[in-house]
Amino acid sequence: MVGGESVTSSGLRILALWCPDWPTTAAAAVAGVPPSAPVAVLHAGQVQACSHAARADGVRRGMRKRQAQSLCPELIVSDADPARDGRVFEPVVAAVTGIVPMTEVLRPGLLVIAADRAARFFGGEDRLAEQLADVVAAVGQGAGRESRAGAALEPLMVGGVEARVGIADELFTAVLAARSGQTVPPGQDADYLAPRPIADLVVEPALTGPGRIDLVNLLWRLGIRTLGSFASLDAADVASRFSSDAITAHRLVRGLPGRRPIRAPIASALEVEHVCDPPVERIDAAAFLGRRLAEQLHQRLSASALACTRLTIHAFTERGQQYSRTWRCAEPLTPEATADRVRWQLEGWLTGRASGGDAPDSPIARLALEPVELVNPGSMQHALSGEGLPGEVGDGLGDQARRALVRVQGLLGGESVRVPVRSGGRGPTEQVALVAFGDELRSPRDPEAAWPDRLARPAPSLLTQTGAEVFDATERPVTLDARGAFSADPAVVRMSGRFYPLRWWAGPWPFGPGKARAQVLLADSRALLLCCRDAEWTVEGIYE
């Protein structure tokens, strides 16, 4: 019994296969060095991933490039390249698919399968795990060749790939178990998760929703250190006091049933298909085709008020071969994310064909995208920062809104439509700036800078600029004296022609000559943030 809800095994099992440090393994394959070499993958000048050999010399994620090289002079450095990671992972996926046909790729380096039926076929879960690990380890090293466009192709097969397998009832548990190569007994997911640190909620990016890091930090500050402590919270309390992603995370740590890897292709009327004339055998043509199909797919999804979290890519060759691969994402796929996955997959198939691996025997004659799992597009709500708002070309679910907003700007001017961005300032109204829609979302003031006399948290839930007057007990106006203090104790606030007695007040807190803020509690239990500038009072915010 977990959180008042009984958890029993349904007999359905999930296997996760994880290749540790995959970005470094892919980078090593491209560089032509063994995976055991010290390799680091950089993003924005910092170490994003490092191999075991590099960690043995003291290299850690987040280090600057120069510091990492000083600790490990033999360090091989490569820039982060998700497309490369996806291409090099394709032979691993193909090897696993040769044993268990239906696989799902969560990200390059991590895939999952429905394990219960496969385990019965191979004589048990342990034998299935050993078989998959052996197959991945046996993936050979292919020689690099040149594409028809003249560009060099990196090796698509990498040797000595380490793989760890985890098996459990639920996807989240299986992915965590794979990191230590464990099998969780049926019905024991919650017990396995209970002692694990709360940071495990963000250990796997493919299963982490937006705001999950903030949730983990908040839980840590509240004294919740383990997944079991979080699971023990009442589900109703979590739903009323935390974000929607916290509800999802709470179900994960309790081991409650979630979505599972697919067992068979699911037909969909939303599928998009393209007959390639001429057939596709060049990477640049594949990239163009991937973006075109992604836009068509998301137009259909948008028209049906749906979003896709699991996508299967089908390719048919001139000689009749069919290749399929399923990609899965924690959040609904955007057109850009869909195009990237199609491009990665086609590059993996086409370059595998060029290097003579297990890949299509002829050019691709037909391509289809099948949305396997659909969700409500409300899952794609955007943050107050304005990031993700429909201002980028190709933002599928926001295309209609974007065109409408651009039309409004054309009629009324560029400044007529503005989006909020986080900004710096002392007061709450100064900490949000409005930027013209379509312009770079750059704050006019640095929000991370030190702001003396900045109003302490919590911030008001509602911002306003309502005029007000403050009076003392003798009905005389209250202003600020030369030291920034009240000229008399406030007793009444007048707003919109009505008088409101005060039960409590705090402040004032000066932030400049003749300027100060104060908090007051009205007799009707409403709390206000008042601001005085040059003897004029305004209500800046309301606390609810």
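pLDDT is the predictor's confidence in each residue, on a scale from 0 to 100. It is a good place to start, as the structure above is a predicted model. Across the protein the mean pLDDT is 80, and 83% of the residues reach 70 or more.

Some stretches deserve a more careful eye. Over residues 141-158 pLDDT stays under 50, and the model has 51 contacts beyond four places in sequence for this stretch. Residues 379-397 also have pLDDT under 50 throughout, with 41 such contacts in the model.

**The barrel**

Now turn to the strands. Six of them close into a barrel, in the order β14-β15-β16-β17-β18-β19, with antiparallel pairing. On average, neighbouring strands in this sheet are turned by 45° against each other, leaving direction aside. For a closer look at one pair, follow β17 (residues 515-522) and β18 (residues 527-533): these antiparallel strands are joined by seven bridges. To find one of the bridge partners, start at Gln519, which is matched with Leu529 in β18.

**Charged pairs**

Side chains of opposite charge can pair when their charged atoms come close. In the whole structure, a search finds 21 salt bridges. Here are three of them, with the N to O distance for each.

| Pair | Distance, N to O |
|---|---|
| Glu125 and Arg13 | 2.8 Å |
| Arg325 and Glu90 | 2.8 Å |
| Arg212 and Asp245 | 2.5 Å |

What do these pairs tie together? Glu125 sits in helix α6 (residues 125-137) and Arg13 in the segment before β1 (14-18), so their salt bridge links parts 112 residues apart in sequence. Arg13 is buried, its relative accessible area being 4%.

The second pair brings together a strand and a helix: Arg325 belongs to β10 (residues 322-328) and Glu90 to α4 (residues 82-97), so parts that are 235 residues apart in sequence are tied together. Arg325 is buried at a relative accessible area of 5%, and Glu90 also counts as buried, at 8% relative accessibility.

In the third pair, both partners come from helices. Arg212 is in α9 (residues 212-221) and Asp245 in α12 (residues 244-253), so the pair ties together parts 33 residues apart in sequence. Arg212 has a relative accessible area of 2% and is buried, while Asp245 counts as buried at 11%.

Salt bridges can also be followed from one residue to another here: Arg87, Asp340, Arg343 and Glu347 are linked in a network of them.

Terms used:
Residues are numbered from 1 along each chain as its sequence is written. Side-chain values use heavy atoms; hydrogens and water are left out. Two strands pair if DSSP finds at least two bridges between them. Helices (H or I, at least four residues) and strands (E, at least two) are DSSP runs, numbered from the N terminus. Axes are lines fitted to C-alpha atoms, for helices over the stretch in contact, and angles run from 0 to 180 degrees between N-to-C directions. Contact means heavy atoms within 4.5 Å. A salt bridge is a side-chain nitrogen of Lys or Arg within 4 Å of a carboxyl oxygen of Asp or Glu. Buried means under 20% relative accessible area, exposed over 50%, partly exposed in between (1.4 Å probe, protein chains only).
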